[in-house]
Amino acid sequence: MFEKIIEGIRKIYGKGYISLHAPVLNDEDRQGVLEAIDCGFVSSVGPHVTKFEEELCRFTGATKVVAVTNGTAALHLALIVSGVKRDEYVLTQGLTFIATANAISYIGATPAFVDSDEETLGLCPKALSNFLNKHAVRKDGGAYHKESHKRFAACVPMHVFGHPVKLEEIMDICASWGIPVIEDAAESLGSKIGDRHTGTIAPIGVLSFNGNKIITTGGGGALLFKNEQLAQRAKHLSTTAKVPHKWEFFHDEVGFNYRLPNLNAALGCAQMKRLPLFIDTKRKIALQYQELFSSYPDVKFFTERKGTTANYWLNAVLVPDRKSRDLWLEKLNAAGVMSRPVWDLMPELPMYRHCPQDELKVARMLADRLINIPSGVPV
Ligand SMILES: *Cc1c(COP(=O)(O)O)cnc(C)c1O
């Protein structure tokens, strides 16, 4: 079986070592970065930052985009402008990348971990509803924890590997409890629900342009907004909360140095030109994988759900159990085909063990059985 699978993967990616997801950089990217150097603006002010934001607006349909140093910083700011405060709870899925939980902790808030959906791999609406019904009471237009009386101040569903979560249902549930929603769309640039881009459906969405994401700025991230005022506040906080003035240094609150440098934004502008090609190529690769795995009935290759478009950032297969997962990882990696298990559940990590959580039954099953296989754009 493994020989056949490895052969199938090599048909897509060719000979030699195959990484999970290498950035695709070419002469256009080099030119872009050189342009930034030549114009003299390399830091947090410069023409490419604005240009990159405008291009992201155009591509995603967001009203306003604020580019920042990385996706984690974008999440941090998104939580702040959503009104999350110290000692409050923020709902998210137990199976996510660490950044989702860390950004919540930076505020002094505590993540509350809810189970995943077997179909989307992301936050399960039913589990969210059950969790709130069990643990929350409605008060003053918001949701409060029954025992600790702390507020559930936000909910952060994450579109895992570029597969959109069941966002409409999640947003309906959150609306009924008065909980603001932030989309962690760090992995889903190019993914859509209907014709709406992920990250633009909730009031705030977050992107990442880390080296392993679908496009990269070296390091970088962005917040997507519908509301101009919220965007303005995020931008203000990202630029040390300095009140614009020709020479005076007046800062009206504690801000952050989170603005994306122009050097990185220049790379982003160059990458944006090829984003449609990247998505197109990744979708074709996913079709090839789908075909390859269709011969193995006990192996499930994740495809996009009806009514959604996935960017197929990372391709994922579900194998029968943890033991076979380990065998897959051993066989593929030994053959020079990089493959990886999914993240450990957040509450398995020492700093998040104490957090409120449900049984995370589906998340545990997924954590035992999911594998990511090579997903980059072949060069
Ligand atoms: C990559 C990622 C982030 C954080 O992005 P950085 O740019 O690496 O800080 C946040 N959430 C998810 C789900 C991610 O995959």
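In the predicted model described here, helix α4 gives the most to the lining of the largest pocket, contributing 3 residues. This pocket has a volume of about 340 Å³, and of the 25 residues that line it, F97, A99, E187, N212 and K213 are the closest to its centre. The elements that give two or more residues to the lining are α4, α5 (98-106) and β15 (340-341). By class, the lining of the largest pocket is made up of 11 nonpolar, 10 polar and 4 charged residues.

The ligand sits in this largest pocket, where 14 residues surround it, with G71, T72, E187, S208 and K213 being the closest. Two of these names, E187 and K213, also appear among the residues closest to the centre of the pocket. Helix α4, which spans residues 71-81, supplies the largest share of the shell around the ligand, namely 3 residues, and the same helix gives the most to the lining of the largest pocket. The shell around the ligand divides into 5 nonpolar, 6 polar and 3 charged residues.

Several polar contacts can be described between the ligand and the protein. An N or O atom in the side chain of E187 is placed 2.6 Å from an oxygen atom of the ligand, while a polar backbone atom of G71 lies 2.7 Å from an oxygen atom of the ligand. For N70, a polar side-chain atom is found 3.5 Å from a ligand oxygen atom. The ligand taken alone exposes 380 Å², of which the protein buries 93%.

Enclosed space was examined as well. Rolling a probe the size of a water molecule over the atoms shows where empty space is left. The count comes to 2 cavities of 30 Å³ or more. The largest cavity holds about 70 Å³ of space, and its lining consists of H21, A22, P23, V24, K213, I214, I215, T216, Q271, F278, K282 and V377. By class, these lining residues comprise 7 nonpolar, 3 polar and 2 charged. K213 thus appears in the lining of the largest cavity, and K213 is also one of the residues closest to the ligand.

The second largest cavity has a volume of about 30 Å³. The residues that line this cavity are E119, T120, H163, P164, F302, T303, E304, R305 and T308, and they divide into 2 nonpolar, 4 polar and 3 charged.

Definitions and conventions:
Residues are numbered from 1 along each chain as its sequence is written. This is a predicted model: local features need pLDDT of at least 70, side-chain atom pairs count only at pLDDT 80 or more; totals for chains, interfaces and linings use all residues. Side-chain values use heavy atoms; hydrogens and water are left out. On a 1 Å grid over the protein atoms alone, a cavity is a set of points where a 1.4 Å probe fits but cannot get out, and a pocket is an open set with protein on both sides within 12 Å along at least five of seven lines; lining residues have an atom within 4 Å of a point. Grid points are joined across faces, edges and corners, and a volume is the space filled by probe spheres set on the points. Ala, Val, Leu, Ile, Met, Phe, Trp, Tyr, Cys and Pro count as nonpolar, Asp, Glu, Lys and Arg as charged, and the others, Gly among them, as polar. A residue is near a molecule or strand if one of its heavy atoms lies within 4 Å of it. A polar contact is a pair of N or O atoms within 3.5 Å; within protein, one must be able to donate a hydrogen and the other to accept it, and residues adjacent in sequence count only if both atoms are side-chain atoms. Accessible areas come from the Shrake-Rupley method with a 1.4 Å probe; for residues, only the protein chains shown count as cover. A molecule sits in a cavity or pocket if more than half of its atoms lie within 2 Å of its grid points. Helices (H or I, at least four residues) and strands (E, at least two) are DSSP runs, numbered from the N terminus.
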